[in-house]
Structure formats: structure tokens, C-alpha cells
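Here is a walk through one protein structure, taken region by region. Keep the sequence and the model side by side while reading.

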Amino acid sequence: MKIYSETIQEIKALVEQNEIKDKQDIAQYLDRCSEFDPVAEGVYATVYNLPDEPDKVVKVCPDKKDGYYLFARWCMTPENQSNPHLPVIHHEDVITLPCGIVVRIYVVERLSDFMDDGSRATEPRHFHDYDFGLLWGAFKAVMQSFGMDHSEFPEEIKTLEVFVEKIKVSSSNLVKRAGNDISDVVDDSIIESHEDFLHTLFDVLTQLSTVGSIDLHGGNFMLRGDTVVITDPIAHKYAA
């Protein structure tokens with residue numbers, strides 16, 4: 001990771017020299033002086049290509065509200081590193097700027113979008129696997145029942161079995177909803193074929209819903225081949 005390493009070393013040196021003082025300076029340096037190639041920008045982070053590492057991307061998180069680091073460090077624990085439904089995070093750098101802002105920078109495996117045109121998957125037919133799309137719609141509806149604050153999830157849904165039953169009920173309700181063009185339900189065969197994914201999702205919700213606001217829109221899942229990967233489930237962290 002020559003380009004990445006050299007860029008991080010230069011940023012750290014400029015911080016020490018007080019040439020980089022805030023997150024706007026970081027953004028300007030990366031855009032004007034580095035070989036990082038910006039490819040996506042979210043509310044809290046920017047993602048860059050690395051010319052010499054086509055199988056990796058760099059995610060720069062300069063916002064104090066951003067909770068991605070909570071998810072990233074959870075993914076980097078030994079027990080989660082080999083989970084196929086979590087992203088491989090190769091490296092983390094933490095830089096504290098003179099203004100006190102902490103910028104976290106991650107080297108992450110490159111994954112594929114569900115939608116080839118860069119749009120967000122919002123319906124079952126948008127996903128690579130229609131059955132997974134049905135499942136996504138159902139568990140998203142389950143989470144919406146908790147409102148904006150999902151911190152009660154571990155208290156109300158204590159086991160994977162309870163989660164699965166709520167998904168099935170939610171799926172049935174979606175089919176019955178007026179004006180909804182979904183006519184298929186999540187059945188036992190769909191649950192069984194996505195059992196490992198659901199186990200991972202349940203772990204994510206149980207472990208992380210108490211520390212950050214969970215965000216499960218279609219843009220926060222990606223693909224490694226045909227394997228669904230949960231990429232960024234925390235919209236922001238709760239205030240300490």
C-alpha cells in the first residue's frame with residue numbers, strides 16, 4: 001500500500017507542522033495533493049480508490065458524529081474477521097487534528113454494489129437475489145417498528161428465533177398492505193438459505209444498536225461475488 005502509506009505519513013507530518021488544522025484541510029489535501037481518487041461521498045465519510053490497490057478502497061471519516069468506527073472495530077475483532085457477511089478491514093489510522101477533531105481512515109476491501117448504475121436498492125427486484133430482496137424488505141420493516149432509536153432491540157428481541165418470526169410476520173403484512181406490489185412472502189426456505197446472513201445481522205443489531213443509530217437502507221449492503229456483506233449499519237453514534 002505504497003500510495004496509502006505515503007499519503008498518511010504526509011498528512012501526519014503536515015498535522016505536526018500545523019499546516020493541516022481541520023477536516024476541511026484534510027479534504028483539500030486529499031483532493032489536490034494526493035493520488036486518492038474520490039468515488040463516493042456520504043453524510044459522514046468519503047470513499048476513495050487507490051490506484052495501486054484496485055482490490056481496496058479508503059474510507060475517510062472526519063465527523064465526530066460518525067459511528068462507522070464502532071462497526072469497523074467490531075469487524076476487526078478476531079471472532080469476526082472471517083465472517084463472510086462482514087467487510088474485510090485491512091487497516092485503521094487515527095489522526096487527531098489541532099482543532100481536536102479525530103479523523104479515522106480505513107483501508108477496506110472493494111465490494112460491488114447491488115445496482116450497477118450506482119442507485120440505491122429500494123425494492124426486492126433491485127437485489128441480485130429476489131429472495132434476499134424480500135428478506136431485506138421484511139427485516140427493514142421490523143427495524144422501522146422501533147422508530148429512530150433502535151436501542152431497545154436487544155431487550156425486545158432476545159434471540160435469533162424471535163427475530164426470524166418477526167421477519168415472517170412483517171413479510172406477511174407487507175403482502176397485505178394496500179398499494180404494495182409485493183406478492184411473495186419470506187418462507188422457511190428463504191430463511192434457511194440466508195441463515196448465516198441473518199445470524200450476522202442479528203449479532204450486528206444486538207451488539208451495535210445500543211451504541212449507534214442503525215441504518216439498514218439498501219446502500220449499506222454490498223456484494224462479494226454473490227455473498228451479501230453488511231457494510232455500514234450505523235448512521236451515527238449516540239452522544240456519550
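**From the first helix to the cores**

Ile3 counts as buried because its relative accessibility is 11%, and a residue must be under 20% to be called buried. The model is a predicted one. Ile3 is found in helix H1. Setting aside neighbours within four places in sequence, Ile3 is in contact with Glu35, Phe36, Leu50, Pro51 and Asp52. Glu79 is a residue that lies well along the chain from Ile3: the two are 76 residues apart in sequence, and their C-alpha atoms are 30 Å apart in space.

Helix H1 covers 2-16 and helix H2 covers 23-33, and Asn18 has its place in the loop between them. Asn18 has a positive phi of about 65 degrees, although Asn18 is not a glycine. With a relative accessibility of 39%, Asn18 counts as partly exposed.

The next topic is the nonpolar interior. In soluble globular proteins, nonpolar side chains tend to be buried together. Here the largest nonpolar core has 50 residues. Phe71, Leu135, Phe139, Phe163 and Phe197 are those with the most contacts inside this core. Helix H4, residues 130-144, gives the largest share of the core, with eight residues. There is also a second, separate core of 20 residues, which includes Leu14, Val15, Val58 and Val103.

Which residues does Phe71 contact, leaving aside its neighbours within four places in sequence? They are Leu86, Pro87, Val204, Leu208, Ile230, Thr231, Asp232, Pro233 and Ile234.

Leu86 and Pro87 also appear among the contacts of Cys75. Cys75 is found in helix H3, which spans residues 68-75. At 3% relative accessibility, Cys75 counts as buried. Its contacts, again without neighbours within four places in sequence, are Asn80, Gln81, Leu86, Pro87 and Ile89. Cys75 and Leu86 are 11 residues apart along the chain, and their C-alpha atoms are separated by 6.5 Å.

Leu86 and Pro87 turn up once more around Glu109. Glu109 lies in strand E5, residues 102-109. Is this glutamate buried or exposed? Glu109 counts as buried, because its relative accessibility is 11%. Two polar partners can be named. The side chain of Glu109 reaches the backbone nitrogen of Val88 at 2.9 Å, and a polar contact of 2.6 Å joins the side chains of Glu109 and Arg224. Not counting residues up to four places away in sequence, Glu109 touches Asp55, Lys56, Val57, Leu86, Pro87, Val88, His90 and Arg224.

Now follow the helices that meet one another. Start with H4, the helix with the largest share of the largest core. The axes of H4 and H6 come within 8 Å and cross at roughly 105 degrees. That angle makes H4 roughly perpendicular to H6, because angles of 65 to 115 degrees count as roughly perpendicular. On the H4 side the contact involves Leu135, Gly137, Ala138, Phe139, Ala141 and Val142. On the H6 side it involves Phe163, Lys166, Ile167, Ser170, Ser171 and Leu174. By class, the contact of H4 with H6 has eight nonpolar, three polar and one charged residues.

Helix H6, residues 160-176, also meets helix H8, residues 195-208. Their axes come within 10 Å and cross at roughly 105 degrees, and H6 and H8 are therefore roughly perpendicular to each other. H6 contributes Leu160, Phe163, Val164 and Ile167 to this contact, while H8 contributes Leu198, His199, Leu201, Phe202 and Leu205. By class, the contact of H6 with H8 has eight nonpolar, one polar and no charged residues.

Phe163 and Ile167 of H6 are named in the contact with H4 and in the contact with H8. Phe163 is also one of the residues with the most contacts inside the largest core.

Phe202 of helix H8 can be examined on its own. At 10% relative accessibility, Phe202 counts as buried. Leaving aside neighbours within four places in sequence, Phe202 is in contact with Phe153, Ile157, Lys158, Thr159, Leu160 and Phe163. Between Phe202 and Gln17 there are 45 Å in space, C-alpha to C-alpha, and the two are 185 residues apart in sequence.

Definitions and conventions:
Residues numbered from 1 in each chain as written. Predicted model: local features only at pLDDT ≥ 70, side-chain atom pairs only at ≥ 80, totals over all residues. Heavy atoms only, no water. Axes fitted to C-alpha atoms, helices over the stretch in contact; angles between N-to-C directions. Helix = DSSP H or I, 4+ residues; strand = E, 2+ residues; numbered from the N terminus. Parallel < 35°, antiparallel > 145°, perpendicular 65-115°, else oblique. Contact = heavy atoms within 4.5 Å. Nonpolar A, V, L, I, M, F, W, Y, C, P; charged D, E, K, R; others polar. Buried < 20%, exposed > 50% of the residue type's maximum accessible area, 1.4 Å probe, protein only. Polar contact = N/O pair within 3.5 Å; in protein donor to acceptor, adjacent residues only side chain to side chain. Core = buried A, V, L, I, M, F, W, Y, C linked by side-chain atoms within 4.5 Å.
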